[in-house]
Amino acid sequence: MKKVAFKTLGCRLNQYETDALASQFQDKGYKLVQFDEAADVYVINSCTVTHQSDHKSRNFINQANRRNKDSVLVVTGCMANNAKEELENREEINYVVENDQKTSVFSLVDAHFKGEIVHPSKLNTDLFSYGATDKGFHTRSMIKIQDGCDNFCTFCIIPSVRGRAASRPIQDILKNIRDVISQGAKEIVITGVNIGRYDFEGYKFDDLIEQILDLDGDFRLRISSIEPDGFGAKFLGLLNHPKMTPHLHLCLQSGSESVLLQMRRMYTVKRFKEIVQVIRAKNPDFNITSDIIIGFPDESEEDFSATCDVIKELNFGHVHTFKYSVRKGTRAERMPNQIDERIKTNRSEILRDLSEETKLNYRKSFIGYYQSVLVEKIDGEIAGGYGEHYIPVQFTGKEIQKNHFYQVKITGIENGSDPILIGELV
Amino acid sequence: MRSHKVIEIRNLTSSTYVIRMEKNDFTFTTGQYITLGFTGSIDRREYSIYSSENDDFLEVLIKEVESGLVSKKLKRCKSGDYLDVDGPFGHFSLEESEIDKKKFLFIATGTGISPIHSFAKTHPEMNYQILHGVRIEEEAYEKQTYPNGKYILCTSREKTGDYHGRVTDYLLKNPIPSDTVCYLCGNCHMIYEAYDILEKQGITLGPIHTEVYF
């Protein structure tokens, strides 16, 4: 039996696509092994959103090659689009597969072992024709609803590597979700590049979410990362639906109005705060997590300070901070007043400390309350998973099963950068 | 990406010009932008569309940037050359339901007048006023194309405009009725300041109402 190993970098959409590819390989008779084991096939689903993600992707390519020089090494994902020529010139990489041909990774590898050559024109370019993800790496079932982005934020390379916004037909999405629910999925995670811009034959994002929530079955719905400009009052109303999880990853990027304008973001800090207030007015412990870019060109101390203030004020459950890095071909590449790397590092440290403090305070507020935990890991009698607020929870119990919900009373919290809630089974 | 044949270059000042191209089957919503570059070149820049949705040609208004790469090259292009057009992009657009009902104020600085020109030309029946901020009168690009009384020129470096000063000064001295729909296009500082002034005057601005020019 041939062995296949995967490494996924970056966003949830990449994670979904890897899950689908991993399931397809296993359905065709491959054995899935860990990336640090010897395999016949390595697939690296890369990311190129920052310099650091490029660096990590290159690192994993080297690791795979060191592990088995005779393996078939496939590099796909956003870096495959953005640095195609560089990657194609590396002898150890057998295939560089751009995002729009990612669904063809298995057929390329299969043909390779059969000694056939697949002409690039024969590769599938349907962005939504991934198969089931049931043998993937996640208990939660990710569902792709959309790909690409038309926002063209000045810092972002993604529209160039993922292409223009495209929405998956609504009936396909609903069928996909019905199928995974009937196969036992308990948590559905909506994924895409810019999901709030979903638009298929007049059905907007909130229409789609409403229809998903109306589906029968014992499941809960999680919205992954969403831009603050992609929805209105109808969607905010749906956040109180019993099947909807109280968590949104709402990308802020900066707490300075002036920086947001220069980033060409489609919202203001004021609007962002209004959204958070509306959500928390109905559900005060609603978990709002976010992304912040540090050191965007011309970001002053005052701008940075405004960002810190917003983080303190909005009580985020988690803030993912990125140091701004120039992406070739973006508008921000040509902006004056690029920020010195040492200043970015210094600001990153300040923001990371602030973020960890805020996160700890937010999570501590759950002590004494209950979470419905979807178990993802079991080690002896210790079970781990995520509660509805998307906070990691650990508890002990006998005969606990993966992919089942358990009511847990939170009794404490562990220390660390990602503090886990400790609970007791109810 | 589509290749469009250049019809003509129209110089408006020594540094600002309009490129008119064949439209072919290109469609867009007034207010959107395209990216433009020479066929085969990787160097491309974003330009708002200057022409109307209904014109049978496609135009962009370009200011040559002193240290720029693409704007200098594009200025030298000739009738018959081919340019690659990608797009249309952007969400800076009029709400269809408001066009024949509301009063609009379009505020622009410099070549930020480009999408406003497209708005006005696409919907001439619209009830609108343009407030255009420039340094000198020469930069009032093709102001004769707007009907009388629709265009107010604010010049900051000379007294030749309808108002001497920045558009933000004009807004402070001439408050806008709160039922006006405002669109802002131009440099970041103008948008940032005008946004604040308009909000204080009771005007609500959404994300589709601003377009930053760099």
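**Note on the predicted two-chain model**

1. Of the 426 residues that make up chain A, 46% count as buried. This is a predicted model, and the remarks below should be read with that in mind.

2. As to overall form, chain A contains 13 helices and 21 strands. Its radius of gyration is 22 Å, close to the 22 Å that the globule rule gives for 426 residues, so chain A is as compact as a globular protein of that length. The C-alpha trace of chain A spans about 60 × 60 × 45 Å along its principal axes. Counting contacts in chain A between residues at least 6 apart in sequence, 72% join residues at least 24 apart.

3. One element of chain A that merits attention is an open sheet of five strands, with the order β2-β1-β3-β4-β5 and parallel pairing. The edges are held by β2 (31–33) and β5 (95–97) of chain A; each has a single partner strand, so one side of each is left without a neighbour in the sheet. On average, and with direction ignored, neighbouring strands of this sheet are turned by 25 degrees against each other.

4. Within that sheet, strand β1 (residues 3–8) of chain A pairs with strand β3 (residues 41–46) of chain A in the parallel sense, over five bridges. At the residue level, Val4(A) has Val41(A) in β3(A) as its bridge partner. Helix α1 (residues 12–27) of chain A packs on the sheet, where it touches β1, β2, β3 and β4 (72–77) of chain A. The direction of helix α1 of chain A makes about 175 degrees with that of β1(A).

5. A further helix of chain A, α5 (residues 105–113), lies across β3, β4 and β5 of chain A. Relative to β4(A), helix α5 of chain A runs at about 160 degrees.

6. Turning to chain B, the domain assignment gives domain 1 (2–89) and domain 2 (96–213). The C-alpha centres of these two domains of chain B lie 23 Å apart. The contact between them takes 14 residues from domain 1 of chain B and 14 residues from domain 2 of chain B. On the side of domain 1 of chain B that touches domain 2 of chain B, the residues divide into four nonpolar, eight polar and two charged.

7. Strand β11 (residues 180–187) of chain B is mostly covered, with six of its eight residues buried. Strand β7 (residues 103–109) of chain B is joined to β11(B) by six bridges, and the two run parallel. In this pairing, Cys185(B) of β11(B) is the bridge partner of Ala108(B). β11(B) also pairs with strand β12 (residues 210–213) of chain B, in the parallel sense and over four bridges. Here Gly186(B) has Val212(B), in β12(B), as its bridge partner.

8. What does each chain bring to the contact between chain A and chain B? Chain B gives eight residues and chain A gives 11 residues. On the side of chain B that touches chain A, helix α4 (residues 188–200) of chain B gives the most, with three residues. By class, that side of chain B has seven nonpolar, one polar and no charged residues.

Notes:
Residues are numbered from 1 along each chain as its sequence is written. Chains are lettered from A and ligands numbered from 1 in the order in which they are written. This is a predicted model: local features need pLDDT of at least 70, side-chain atom pairs count only at pLDDT 80 or more; totals for chains, interfaces and linings use all residues. The radius of gyration is taken over C-alpha atoms; the globule rule is 2.2 Å times the number of residues to the power 0.38. A residue is buried if 20 or more other C-beta atoms lie within 10 Å of its own, exposed if 12 or fewer, and partly exposed in between; C-beta atoms are placed from the backbone. Two residues are in contact if their C-beta atoms, placed from the backbone, lie within 7 Å. Domain bounds come from an automatic or database domain assignment. Ala, Val, Leu, Ile, Met, Phe, Trp, Tyr, Cys and Pro count as nonpolar, Asp, Glu, Lys and Arg as charged, and the others, Gly among them, as polar. Two strands pair if DSSP finds at least two bridges between them. Axes are lines fitted to C-alpha atoms, for helices over the stretch in contact, and angles run from 0 to 180 degrees between N-to-C directions.
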